[in-house]
Amino acid sequence: MVRIHFSAMCVGCTFLGMASLATIVGLWTVQLLPSTGTPAEPWNEHRLPDTLVPDYYNITLWPRLQPNIHGLFVFTGNSSVVFKCLRETDLILIHANKLNLTSTDGYVAKLFALGISVAPSIQKTWMQETTQYLVIQLKGKLKAGELYELYTEFVGELADDLAGFYRSEYEENGEKKIVATSQMHPTHARKTFPCFDEPAMRAVFYITLIHDRGTVALSNGMEIADTVLDGLPVTVTTFEPTKNMSSYLLALVVSDYTNVTSANDTLIRIWARKKAIEDGHGDYALNITGPILKFFENYYSVPYPLSKSDQIALPDFYFGAMENWGLVTYRETNLLYDPVISSNANKERTATIIAHELAHMWFGNLVTLKWWNEVWLNEGFASYVSYLGADFAEPSWNVKDLIILKDVHRAFAVDALASSHPLSSKEEDIIKPEQITEQFDTVSYSKGASVLRMLSDFLTEPVFVQGLNTYLTTFAYQNTVNYLINIYHKLPNQKTGTVLPLSVKEIMDRWVLQMGFPVVIINTTTGQVSQMHFLLDPETTLERLSPFNYEWIVPINWMKAEFYGVISFHSDMKATGNEWVLVNLNITGYYRVNYDTENWERLLNQLTENHEVIPVINRAQIVDDAFNLARAKIIPVTLALKTTKYLSKERDYMPWQSALNNLDYFYLMFTQTEVYEFLQNYTRKQVTPLFEHFKTITEDWSHVPTGHTDQYNQVNAIRFACSTGVDECQNLTTSWYRQIHPNLRSTVYCSAIASGGADEWDFGWLMFKNAIGIEADKLMSALACAKDTKLLERYLGYTLDASMIRKQDASSVIVYIASNPDGQTLAWDFVRRNWVYMFTEYGVGSFNFASLISGITKTFSTESELEQLLQFKSDNSEIGFGSGTAALEQAIEKTKANIKWVAENQREITDWLMAESA
């Protein structure tokens, strides 16, 4: 990690807890269950009763990698689950979904007693599709404290829906290959075998896979025996039993993959297509997995709990990766690294995603949250420490700082909406599968990471890590209910260097149990500090009641510097003369900062005169805070624009990326207006010195910079120089189209296809169809840059044809096209026209409906677009929006805010840009 040295500063830390200025006008309620006077039947409830708990499963599965006579790929299997009865009951509810259960003697299950009791006879069995249960009514009662065994046989479809036990396909040397793989998380184990499919229902799994000879079978445990079935061309692989774990962590794969292996303290294997392994694409993942595992062992002070660590790259996979205990599954682009075609961004993504998933081996797998209402703690934690693990593996990258751009700013954008939600939800509000899926959003991942980073900072890292160790050792192989925060509350007196005004729990409850975040207001004339709830649209009506009245206990750190660098220390935040005050150093706190006008001007002067006096992260903060404060009508929009004037002298990545992210909003709002030309002129003026800088240090583009983030900023320089019309840049990218450094491929491909026609597009499509992994992703994005609407319409049509665009990529392609001004309307019309088909048939299990809705609507800023959005909501209200429900409400809120913002600011922005770009 590179240290930042300040030549003149005054640093302090305090906590702020002031009255919120937000007004609460209503109470948010959601009616999830019937409120009739008579109690619902247990099988109509979405949660399992507390009568039974599993002990272990014996599961045998046989996936068929060739279609049957009906053209279907299927798997057959049987399962025995041994469970304990906690309370007397004559009813067994066990999850099962889309399975054809074999009937024997009129029932689809057999029940046995394992103790001295006799198992009651079965009275009736049926499938309750709405709640995804196999219901077994008994003629007598199960006895408390006794063990029983339930046996089922079944057939399931090995579909291409990316859920449960499913089918993935690819071509190798002209031959079609089939992989049987799995995605049990969060509620799809029940689609593979009958099970108690809730996180708290931990059990041991004994797995046997029957598979074609010549294929390899993998699961969570190590393979312990391979046998053959007489007369059948198959292999029977059994695995060591799993640890006691949740059903969503189970993993199954049958393929003809191969691997690269490292066997030091722990057996590590990276699995992928044979050619990918032969070409060395698994080597980078192999090289960093060992160090990252060792880092987390030391970080948690808990040994890695398993005998091996398998990681496998799959052609078709819904999530970026999944932390199955002992067999982590990834999209190919996230695990494989090819130094010939992969950029440094691809390499960083591989490192951080591996670190994220391996962090879960302890936090999430060894200790698991009781229910999905606490997803934020699991995913937010893994997101935060993924930067630490990647930093250990690649210390020269300084990757820990990038959490600001990738997570903190990302969380701010969503959490500043009235339609946001708290990190933690009530357990009773999250019960249906689609509600569970909705929890895996920006708030859970990025805000969760940001808030835990803040907690670590004000507690100090040693105290934070001590709490993790206590948590993991106390609750190993158990489920918890947000006990991590309680552990910090109970730790003995710690020498943190910070005096806390309240207990850790009381401080953190305000960040966890209420949505949003504050803007801290500094008056450097009086030294007064206050806060208010930050909302992008200050006129919006808050319908969600906060138990803390939207007030936070805010950890404040700050620095002071005089213009000429004379060090002087102060006991408050008053400033005189050329002194400026800078709050939230390195953005360790999850809040924005506003100052009095005089302090803003002093900060702007400092940026103009010598911007490096201000820490680089805070230069990014000044820009991002200013633009968002302007969107919220707290400061003038021209003040926000002024924060970009110094950029002609800036060479660091983070301030530039922060500015470009915010200017992108202007582009989204003004692409079809007169403002666009002035915005282009101004951006070109500011980016040209950066373009020339990289031309110089790379000796006329003959190599790339050595620094990790310098490589990122070189891409920024070329991308915006090209998009704003710098002639030299456009000439460069045209000549580079067919041979270019991996870092620049995405930018160059897009620029070349945008400036070309059908021939260039067809050439790009041919390259895409012959590419795999990372190169395919770059081309897939670039093909959406075309200006020809006929090409874009053709590309949209491909998204509903899995032979052209994989189902996992369809929603991304639509969003890519929507991000192109020439394709935005086309994409929106396409989604409206095909929503019912995508939602009910084609896209089930594969479309990311939340990202689809938010990606397509991000440019909406007119009354007409708002009317279309509301009509879309009305037209599809009966079939619904699934995991995109919250995203739709956010899109409506954002569109209303955009309409007002454009109307109020367009003239002022135009005048400023005209003056500055002259």
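Contact here means heavy atoms within 4.5 Å. Keep that cut-off in hand for the tour. The model on screen is predicted.

**Stop 1: Arg 602**

Select helix 12, residues 597–610, and pick out Arg 602 within it. Is Arg 602 buried or exposed? Its relative accessible area is 14%. Buried means under 20%, so Arg 602 counts as buried. Now show what surrounds the side chain and backbone. Setting aside neighbours within four places in sequence, Arg 602 is in contact with Thr 524, Ala 575, Gly 577, Asn 578, Glu 579, Trp 580 and Asp 596. Next, draw a line from the C-alpha of Arg 602 to that of Leu 86. The separation is 68 Å. Along the chain, Arg 602 and Leu 86 are 516 residues apart.

**Stop 2: the hairpin of strands 10 and 11**

Select residues 164–172 for strand 10 and residues 175–183 for strand 11. The two strands run antiparallel, joined by nine bridges. They form a hairpin, with two residues between them. Click on Asn 173 in the turn: its phi is positive, about 55 degrees. For one rung of the ladder, take Phe 165, whose bridge partner in strand 11 is Ser 182. Why is strand 11 described as largely enclosed by the rest of the structure? Because seven of its nine residues are buried.

**Stop 3: the five-stranded sheet**

Move on to strands 17 to 21. In what order do the five strands lie? The order is 17-18-19-21-20, in an open sheet with mixed pairing. Its edge strands are strand 17 (258–263) and strand 20 (321–322), each pairing on one side only. Strand 17 runs antiparallel to strand 18 (residues 267–272), with six bridges joining them. Within that pair, Thr 258 stands opposite Ala 272 of strand 18.

Now add helix 2, residues 283–300. Helix 2 packs on the sheet and touches strand 17, strand 18 and strand 19 (308–314). Its direction makes about 150 degrees with that of strand 18. Then add helix 4, residues 344–360. Helix 4 lies across strand 19, strand 20 and strand 21 (327–331). Against strand 21, helix 4 runs at about 150 degrees.

**Stop 4: the annotated site**

Stay with helix 4 and find His 360 in it. Which residues does UniProt list for "binding site"? The unreviewed entry gives His 356, His 360 and Glu 379. These three span 24 residues in sequence, yet no two of their C-alpha atoms are more than 8.6 Å apart, so they gather at one spot.

Zoom in on His 360. It is buried, with a relative accessible area of 0%. Beyond residues up to four places away in sequence, His 360 touches Glu 323, Asn 365, Asn 378, Glu 379 and Ala 382.

Glu 379 comes next, in helix 5, residues 375–393. At 3% relative accessibility, Glu 379 is buried. With the same exclusion of sequence neighbours, Glu 379 touches Glu 323, His 356, His 360, Phe 440, Ser 444 and Tyr 445.

**Stop 5: helices 8 and 9**

Finish with residues 442–459, helix 8, and residues 461–474, helix 9. How far apart are the axes of these helices? The axes are 6 Å apart, and the helices pack at an angle of about 115 degrees. Show side chains for the contact. Helix 8 supplies Leu 452, Leu 455, Ser 456 and Leu 459. Helix 9 supplies Glu 461, Val 463 and Phe 464. These contact residues divide into five nonpolar, one polar and one charged.

Key:
Residues numbered from 1 in each chain as written. Predicted model: local features only at pLDDT ≥ 70, side-chain atom pairs only at ≥ 80, totals over all residues. Heavy atoms only, no water. Helix = DSSP H or I, 4+ residues; strand = E, 2+ residues; numbered from the N terminus. Buried < 20%, exposed > 50% of the residue type's maximum accessible area, 1.4 Å probe, protein only. Pairing = 2+ DSSP bridges. Axes fitted to C-alpha atoms, helices over the stretch in contact; angles between N-to-C directions. UniProt positions renumbered as here; feature names shortened; annotations may be inferred. Nonpolar A, V, L, I, M, F, W, Y, C, P; charged D, E, K, R; others polar.
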